[in-house]
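Please find below a short set of notes, arranged as numbered points. They concern the backbone, the burial of residues and the surface charge.

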Amino acid sequence: MNAALAQDYSGAPLGAPVYELNNVSKTYARNLVVALEDVSLTLRKGSFTSVIGSSGCGKSTLLKIMAGLIPPTKGRVVLQSKPVTGPRHDIGMMFQQATLFPWKTAAENIVLPIEIRDGKAAAKKAIDSAHDLLEMVGLEGFENVYPNELSGGMAQRAAICRMLITEPAVLLLDEPFSALDELSRDMMNMELQRICNEQHATAFLVTHSIQEAVILSDEIVVMKPRPGRIAEIVDVDLPRPRTLDMMTTPKFGEIVDYIRTLLDKGEDM
């Protein structure tokens, strides 16, 4: 299941390493609970990586460590050649819910990270950039709309803009479309692919959906539980750009079945 040459969204070869984890482990409860064990992973510029596994395999712990929210017990975490020791402005995060502030407009929500970091004057200067991002995700004309006037998909598009406004080096995505209906989720995944392509972004997605992981990813990290560790990293050698029609092809089905087999083996261990 390995591709001969990994490629980004546009079909170009992937770039230099951006994010590197070396032998990362995490224990809780005075070292009695091993959440992660010896996880090593490299994200390259322009790549899209997904992690998938059953409950208890350490997906959430891994994402928190990558975001700088919790430290590893052992190992090294490096982003753009600098150790990750806490939250950073060059790490973009997106969650299951859009979490937009209801008293702020879409544009004001998008520039909020800049306001928190640099103050209101800097946020005001960034409003034009927020408008450009809204146009990129198909929300032109919604700059002054409040969150309660946006659909779930529209709110998540605004959340994508908020994540991109600080031009982060890596995008960490925690099941961002899981609260949407299946049709909306499929459409948002295609939108996410387009946005990542335009931004040449490096993305890392936590998901419970094998199909979602396959349609989006260059590689899929399959994890097994107790303790959480990597079972295999599967290269997805489907052509770019991906389309929803690919989900009906034999090749797509083969990759899905292979990952499901890996997950079933992990459950038996």
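1. Helices (H or I, at least four residues) and strands (E, at least two) are DSSP runs, numbered from the N terminus. With these elements in place, His200 is found in the loop between helix 7 (182-199) and strand 8 (203-206). His200 is not a glycine, yet its phi is positive, at about 50°.

2. The model is predicted: local features need pLDDT of at least 70, side-chain atom pairs count only at pLDDT 80 or more, and totals for chains, interfaces and linings use all residues. Residues are numbered from 1 along each chain as its sequence is written, and side-chain values use heavy atoms, with hydrogens and water left out.

3. Is His200 buried or partly exposed? Buried means under 20% relative accessible area, exposed over 50%, and partly exposed in between (1.4 Å probe, protein chains only). His200 has a relative accessible area of 32% and is therefore partly exposed.

4. Glu167 also merits attention. Although Glu167 is not a glycine, it has a positive phi of about 55°. Its place is in the loop between helix 6 (152-164) and strand 7 (170-174). Because its relative accessible area is 71%, Glu167 counts as exposed.

5. Two cis peptide bonds should be checked in the display. One joins Arg226 and Pro227, with omega about -10°; Pro227 belongs to the loop between strand 9 (219-224) and strand 10 (229-235). Another joins Arg240 and Pro241, with omega about -5°; Pro241 sits in the loop between strand 10 and helix 9 (250-267). As background to these points, most residues other than glycine have a negative phi, and most peptide bonds are trans.

6. Helix 1 (residues 59-67) is mostly covered, with seven of its nine residues buried. The buried residues in helix 1 are Lys59, Thr61, Leu62, Leu63, Ile65, Met66 and Ala67. Gly68, just after helix 1, takes a positive phi of about 80°.

7. Which residues form the negative surface patch? Asp128, Asp132, Glu135 and Glu140 do so. Patches are made of residues with over 30% relative accessible area and no salt bridge (a side-chain nitrogen of Lys or Arg within 4 Å of a carboxyl oxygen of Asp or Glu). Like charges are joined within 9 Å, the place of a charge being CG of Asp or CD of Glu; Asp and Glu count as negative. Accessible areas come from the Shrake-Rupley method with a 1.4 Å probe. Glu135 lies in helix 5 (residues 127-136), and because its relative accessibility is 45%, Glu135 counts as partly exposed.

Technical notes. Patch = residues over 30% accessible without salt bridge, like charges linked within 9 Å, V, L, I, M, F, W, Y side chains within 5 Å.
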